[in-house]
Amino acid sequence: MSGRRAVPVRGRRGYARPLEGADRITARAEADELLIEAAKVVRSTDPYLAGHFPEVTLYPAIFLLDGIRQAVGAELHRSPALAAHLGTDSPDSPDSTGGEWLELGSLDSARVLRPMLEGDELRLLIRVSAGRPGALRAALDCRRGDGEQVARMTVELVRGGTS
């Protein structure tokens, strides 16, 4: 063997800054739900789209999952009941912006109906409700600017930041 050895990782793991899942977000709490509308324009100049697919800018549906995670985390403060259902935040949360760091607990359903192409403005309409204890349920209805539905998903979100 060369002089290489494994170095154990101690303490909390850090996180890289995620992709920008939305250009703008609005939200309101209503009864026992949080209703979020986020917008994202598909741009071939976004660094994460370079080479995704050759000669056609095609927004990867996996990025919708991160858009849901980011939008709910940023707006969860608007619904104290849902934040309480999720559980208490760790004082050493890795998110320094004051938002909640959420992670995908499960993907319950996903359906992509149309391609999301260069110049399309995507509207992410997210309905958030309480899920199982310690989890939130988020249902996404994603539409282009012309109102055409391009995707729908239902996910479970849980508090992140544990290692």
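Visitor: Let's start with one pair: what do the side chains of Arg-78 and Glu-75 meet in?

Guide: Here's the general idea: side chains of opposite charge can pair when their charged atoms come close. In this case, Arg-78 and Glu-75 form a salt bridge, with N and O 2.4 Å apart. Keep in mind that you're looking at a predicted model.

Visitor: Is Glu-75 buried or exposed?

Guide: Glu-75 has a relative accessible area of 8%, so it is buried, as the limit is under 20%. Its partner Arg-78 comes out at 39%, and therefore counts as partly exposed.

Visitor: How many salt bridges does the structure hold?

Guide: There are 13. A good one to pull up is Arg-24 with Glu-121, where N and O are 2.8 Å apart. Arg-24 belongs to strand β1 (residues 24-30) and Glu-121 to strand β4 (residues 121-130), so this pair links distant parts of the chain, 97 residues apart. Glu-121 itself is partly exposed, at 26% relative accessible area.

Visitor: Which residue forms a salt bridge with Glu-148?

Guide: That's Arg-114, and the closest N and O atoms of the two are 2.7 Å apart. This one also links distant parts of the chain: Glu-148 is in the loop between β5 (135-144) and β6 (149-159), while Arg-114 is in the loop between β3 (102-112) and β4, with the two positions 34 residues apart. Both ends are partly exposed: Glu-148 has 30% relative accessibility, and Arg-114 has 34%.

Visitor: And which residues are linked in a network of salt bridges?

Guide: Click on Asp-23, Lys-40, Arg-43 and Asp-46; those residues make up the network.

Visitor: Let's step back to the fold. What pattern does the chain follow along the sequence?

Guide: Reading along, you get β-β-α-α-β-β-β-β, which comes to two helices and six strands. For contacts between residues at least 6 apart in sequence, 66% join residues at least 24 apart.

Visitor: What share of the chain counts as buried?

Guide: Of its 163 residues, 39%. The accessible surface of the chain is about 9,500 Å², and carbon and sulfur atoms hold 52% of that.

Visitor: Which residues form a nonpolar patch on the surface?

Guide: Phe-53, Val-56 and Leu-117 do, and together they have about 250 Å² of accessible area. To find Leu-117, go to the loop between β3 and β4; this residue counts as partly exposed, at 33% relative accessibility.

Visitor: Now aromatics. How many aromatic pairs does the structure hold?

Guide: One. In general, a pair of aromatic rings is described by the distance of the centres and the angle of the planes. Here the rings are those of Tyr-59 and Phe-63, with centres 5.7 Å apart and planes at 75°, so the pair is edge-to-face, the cut-off for that being over 60 degrees.

Visitor: Are Tyr-59 and Phe-63 buried or exposed?

Guide: Tyr-59 is buried, at 4% relative accessibility, and Phe-63 counts as buried too, at 16%.

Visitor: Last one: where does the charged end of Arg-69 sit?

Guide: Over the ring of Trp-101, 4.8 Å from the ring's centre.

Conventions. Residues numbered from 1 in each chain as written. Predicted model: local features only at pLDDT ≥ 70, side-chain atom pairs only at ≥ 80, totals over all residues. Heavy atoms only, no water. Helix = DSSP H or I, 4+ residues; strand = E, 2+ residues; numbered from the N terminus. Buried < 20%, exposed > 50% of the residue type's maximum accessible area, 1.4 Å probe, protein only. Contact = heavy atoms within 4.5 Å. Areas by Shrake-Rupley, 256 points an atom, 1.4 Å probe, with all protein chains shown as cover. Salt bridge = Lys/Arg side-chain N within 4 Å of Asp/Glu carboxyl O. Patch = residues over 30% accessible without salt bridge, like charges linked within 9 Å, V, L, I, M, F, W, Y side chains within 5 Å. Phe/Tyr/Trp six-rings, centres within 6.5 Å; stacked < 30°, edge-to-face > 60°. Lys NZ or Arg CZ within 6 Å of the ring centre and 35° of its normal.
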